[in-house]
Each structure stands twice: as structure tokens, then as C-alpha cells.
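Here are some short exercises to work through with the structure open beside you. Try each task before reading its solution.

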Amino acid sequence: MIKFYNTLHRKVEEFTSIKDKEIRLYTCGPTVYDYAHIGNFRAYLFEDLMRRYLSFMGYKITHVMNITDIDDKTIRKSIEEKKTLTDFTKKYVEAFFEDIKTLNILPAHHYPKATEFIPQMIEMIQVLVDKGYGYTTDDGSVFFKISNFPDYGKLANLNPDEMRTGSRIESDEYEKAEGRDFVLWKSRKPEDGEVYWDSPWGEGRPGWHIECSAMSTHYLGTHFDIHCGGVDNIFPHHENEIAQSCAATGDKFVNYWIHNEHLLVDNKKMSKSLNNFHTLRDLLNKGYSPETIRYTLISTLYRQKLNFTFEKLEASQKAINRLRELKRRLETVSSNSGIDLQNECKTVIENIMKILGDDLNISGALGVLFTWVGDVFGLLDQNKVSSTGAQNGLELLDKIDTILGVINTQSHDIDSSIEVLIAKRETARKEKDWVLADEIRNQLLEIGIILEDTPDGPIWKKK
RNA sequence: GGCGUCGUAGCCAAGUGGUAAGGCAUCGGUCUGCAAAACCGCAAUUCACCAGUUCGAAUCUGGUCGACGCCUCCA
């Protein structure tokens, strides 16, 4: 049984897909005005973990992720840099694709951009206006009338009547009937520069929320299985999406709303506005491997706040090395006698999948995995594993890695200078020149290479 | 003010009624030229605090304290 925490009902509930063994999934993607930070990637990695798990369990998944390339920030920054909107966002779209590849995130099947779906958005807004959910204002903007949609506030568990009218609403430059109504179409303003489209209501641009409604419906239909995003999107973004989509189509829209918690730095939300963020590129430049970053962000339950520290990165690298070391040891086994690990492996994989089925309890699953890892190391030290057993162990690691994605992705680029040093040290060791041998080992350590002597010769790994 | 999440060893983190997984770090031992890796052993009489329910509570109930998030930019 697979269970997920559904924000809509605020509880963990059994997952059933609309169509048997098929899942239609929509995940909120990046706004491409800057490089994404690792807090953003925590969301994409949680979605990747979920997707890989569901694939493993035999579901065929259609995954759509939007790319927001029209909003206040993309427009403002493109004007600052004196570029067209598309020219400006192109760089960050490309960076985003590079980064998800680096992190071994499975690509979505569709990456619609907001700028490419203006007609669909206009069409949906028109439907809302025709049905009486949308109204226009004198300046040519269109708003969604919340009071006509009784279910408004259900996802966020907010009562619209009690919503605080704060400074942000007062400072809103667009006219609207009620403070809590949200914008579907924004009339053209001087600060938008040349970014505008023609519409039945005049020149302007779409509001933020409508893009996800239009694009998800376009690819996945009016009723699909899962919609993901960060908890900060629950309100207003997803609440508004539900209102727009259900009002426009009359259908149910989404069965499971699944939200990930934030990544924290110094126990505060990692965000651009607090300037406490790390980008993937920053961490790679500091020498941390993509797998380390992936493991760090993936290995805590997605609904738990995760405080980012460099200690955690170090611990993750060690944990990955432990898995890779087991793999290496299993690959050296060539014994006909011993345990074949058949039943052990079967039980372990079943347990892991069962635990992951409980709302993606990755920590629990890793606990099972590492208990097994310790057991196998113990048997290997006593030469009690047969080559069949080693094969079974390797298969288990491969299976697990189709979900974790951190063991087999090593970019173990052969650096010839490292090989030369290792060879030099081996000569020194044969001559029992321990001083030189140790010197070379320390030299390698300084450039982040750990050298280990094994009965089969020296091996090296990244620190 | 409203809504919500969380508090488990030095750090991270599972466990939601039956007597505390796992990772990292530390310390002893085996192995090693020395290391590293691996293994063995040691490590919370205890789950923020107080009260209650129960044969039994980290887990349920009430309260207290503390941390964080959302309430129209946000993963």
C-alpha cells in the first residue's frame, strides 16, 4: 500500500491512481530570473524521489513541470539588463536544465513555458469571465471573484472572511472589487516595458496562477492525480489554482496535493530575499560532489524542515562512500561456497519499498538498507559470501540506486596525475620507503583524494 | 490576531501504545609498515518540561516553554 500526506485533507491517506497503474503528475517549476538555490532543488529532488519510487512500483508516469518566465522579477531584471524577456530568461532556463542533470533528476516529460501558453490562458480566463467567476476592471485587468467560489480556502485551511488585509494588498497597484480577489490578467503598465500580449481586455500579461491551471489542464486533463510544490505554494498559489481550474472546468482538478517543507539555513528559511542561500554551483565549486548534495537533500523526510549544514554534506559523502565500498567489495568476491543472500536481499528490498510506501519515509528505508550493509560487511570480512550472494547483493544495490541515484553515478574521472602519484607511491612501498609513501598519500589527501591500501592493491575515492 | 509544523544521544534522524533503527563524530580492540576501509565492543535507564489516561506512553489527552513557517513575491 502506498500512502501520501495529502494537504487537502491534512492527513496521510492511501494513494490510488485515477487510471490503473498510470499517474499524471504536475510539479511547480522554477521562476527563471536567477540560478535556482538548493532549497529549490530540495523540492525537485523530493519529486524525483517520489517519481522514481512510483516508477519502481510499476506506475507509468506523465510528469509536467512548468517554467515561469513571465512575472514581476523576470520582467524587472530583463529591463535592467536591457534584454528581451526571452533573451534574459534563456540563460536561467539552460542553467536549470544543466543543474537538474547534474543532480541526476529525471527530466519531466513536458516543460511548458508560460510565454508559450498565453492563448490557452486567455481562453481559460474568458471561460471564467463568461461563467461569472472573473470580472474586469476599468484599467483592463481581470480578477477572480472569490466570493463566487464557496470552496475557496479549503486547501490552505484559511477563512477568506478572516484574511488579514495587509500592506501587500494596500500597495497593490491594480484595482479590484475586494482585497482578497486575485488577478487573472494584468493590464499593461509602464514598468512592463515591451512585455505584453493582446487580449479581449486589452494589452497586458497573465497573472501568475493562471499559467499552472492552463498548462496542467492542457497536458494532463481537467482531473489528474498529483500536484506537488513547496509548502509556501499552498497559499496563495495552489489555492488559487484550485479555484480557477475547478471554476473553469467544473471538474475535480487534483486528487493529491503533496507539499515539501523548506530547506533552512541557520534555522531560517533559505531564500533569495534573506540572502542566505547556496546555489548548486557554489557547492560544486567548494568541492562537494553532486551525489553528496543529492543525498543530503533527499535523505530527510520531505515533510520535515531540513537545516542545511556543511557537516551534513560531509556525513552524506561518508554514507555514499560506505555504499560504494560495499559495492566494490562485493565485486571482488569469487567464492563458490558461502551464503547466497537470496532471502536476505529479497526481504530487505521488500521492506525498503514498504517503508517508502509510507509517505516516502526515506530515513526509515535508509535505516533498513544500512543495517543490511553492516550485516554484509560482517559476512564479507569472514569470507562467508558466495559469488552468487555477491551478485544478489550487487543487484540489490542497483535496485536501490534506481531510487536513490547516488551510488552508480560517480564521475570517477581518471586523472592521470593521480595515477602517476599512486604508481610512484607503490614503488616506494615496495622499497619500504615509508616516508615517501606517506608523503604522497598526504599530498593526495590535500587535493581531496583518500587513498586506501587493500589486498588487491591501492584504491582511491573522493573525500 | 488567524492557520500550521516541529522539539528523540555531541550532530543529523526513524520510530505514533508493548519497552529506543540508521548515518556522521568520539573512545577502546582486531587488521595494517603506518594509515584508511571493514569488523567487534563502548554510547540515550530515556524521547523539551509538567500533569493526566493506561497493566504499560517518545507515541494518546490537557497545559507550559522553545524553534520555525504561511496569512496575495517565494520550492
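**Exercise 1. Find which residue of β4 stands opposite Arg 24, and follow the chain between the two strands.**

Step 1. In this predicted model, the residue facing Arg 24 is Thr 62 of β4.

Step 2. Widen the view to the strands themselves: β3, residues 22–27, is joined to β4 by 6 bridges, and the two run parallel.

Step 3. Now trace the connection. From β3 the chain passes through α1 and on to β4, a β-α-β crossover that is right-handed.

Step 4. A second pair can be picked out as well: Ile 23 has Ile 61 of β4 opposite.

**Exercise 2. Work out the strand order of the sheet that holds β3 and β4, and say which helices pack on this sheet.**

Step 1. Reading across, the order is β4-β3-β9-β10; this is an open sheet of 4 strands with parallel pairing.

Step 2. Look for the ends. β4 and β10 are the edge strands, each pairing on one side only.

Step 3. Check the twist: on average, neighbouring strands of this sheet are turned by 25 degrees against each other, direction ignored.

Step 4. Add the helices. α6 (residues 208–220) packs on the sheet and touches β3, β4, β9 and β10. Its direction makes about 160 degrees with that of β3.

Step 5. α7 packs on the sheet too, touching β9 and β10, and its direction makes about 175 degrees with that of β10.

**Exercise 3. Describe the sheet that contains β7 and β8, and explain why one side of each edge strand lacks a neighbour.**

Step 1. The order here is β5-β6-β7-β8, in an open sheet of 4 strands with antiparallel pairing.

Step 2. β5 (134–136) and β8 (204–206) are at the edges, and each has a single partner strand, so one side of each has no neighbour in the sheet.

Step 3. Neighbouring strands of this sheet are turned by 20 degrees against each other on average, direction ignored.

Step 4. Zoom in on one pair. β7 (residues 182–187) and β8 run antiparallel and are joined by 3 bridges. Within this pairing, Ser 187 has Gly 204 of β8 as its bridge partner.

Step 5. Finally, helix α4 (residues 118–130) packs on the sheet, where it touches β5, β6, β7 and β8. The direction of α4 makes about 120 degrees with that of β7.

**Exercise 4. Compare what lines the largest cavity with what lines the second largest cavity.**

Step 1. Start with the count: there are 3 cavities of 30 Å³ or more.

Step 2. The largest cavity holds about 70 Å³ of space. Its lining includes Tyr 44, Glu 47, His 63, Phe 96 and Tyr 111.

Step 3. Assign the lining to elements. α1 (38–56), β4 (60–65) and α3 (85–102) are those that give two or more residues to it, and α1 gives the most, with 4 residues.

Step 4. Sort the lining of the largest cavity by class: 8 residues are nonpolar, 1 is polar and 3 are charged.

Step 5. Turn to the second largest cavity, with a volume of about 60 Å³. Among its lining residues are Ile 352, Leu 356, Ala 365, Leu 369 and Ile 403.

Step 6. At least two residues of this lining come from each of α11 (342–357), α12 (362–381) and α13 (387–404); α12 gives the most, with 4 residues.

Step 7. By class, the lining of the second largest cavity has 9 nonpolar residues, no polar and no charged.

**Exercise 5. Locate the second largest pocket and name the residues closest to its centre.**

Step 1. The second largest pocket contains about 340 Å³ of space.

Step 2. It is lined by 16 residues, of which Leu 8, Asp 151, Ile 242, Cys 246 and Lys 252 are the closest to its centre.

Step 3. α7 and β10 (253–260) each supply at least two lining residues, and the largest share, 4 residues, comes from β10.

Step 4. The lining divides into 10 nonpolar, 2 polar and 4 charged residues.

**Exercise 6. Find where Pro 236 and Arg 10 are placed, and describe the backbone at each.**

Step 1. Recall the background: most residues other than glycine have a negative phi, and most peptide bonds are trans.

Step 2. Pro 236 lies in helix α7 (residues 234–249). The peptide bond from Phe 235 to Pro 236 is cis, with omega near 5 degrees.

Step 3. Arg 10 is in the loop between β1 (3–6) and β2 (11–14). Its phi is near 55 degrees, a positive value in a residue other than glycine.

How values were computed. Residues are numbered from 1 along each chain as its sequence is written. Chains are lettered from A and ligands numbered from 1 in the order in which they are written. This is a predicted model: local features need pLDDT of at least 70, side-chain atom pairs count only at pLDDT 80 or more; totals for chains, interfaces and linings use all residues. Side-chain values use heavy atoms; hydrogens and water are left out. Two strands pair if DSSP finds at least two bridges between them. Axes are lines fitted to C-alpha atoms, for helices over the stretch in contact, and angles run from 0 to 180 degrees between N-to-C directions. Contact means heavy atoms within 4.5 Å. On a 1 Å grid over the protein atoms alone, a cavity is a set of points where a 1.4 Å probe fits but cannot get out, and a pocket is an open set with protein on both sides within 12 Å along at least five of seven lines; lining residues have an atom within 4 Å of a point. Grid points are joined across faces, edges and corners, and a volume is the space filled by probe spheres set on the points. Ala, Val, Leu, Ile, Met, Phe, Trp, Tyr, Cys and Pro count as nonpolar, Asp, Glu, Lys and Arg as charged, and the others, Gly among them, as polar. A crossover is right-handed if, with the strands pointing away from the viewer, the path from the first strand over the helix to the second runs clockwise.
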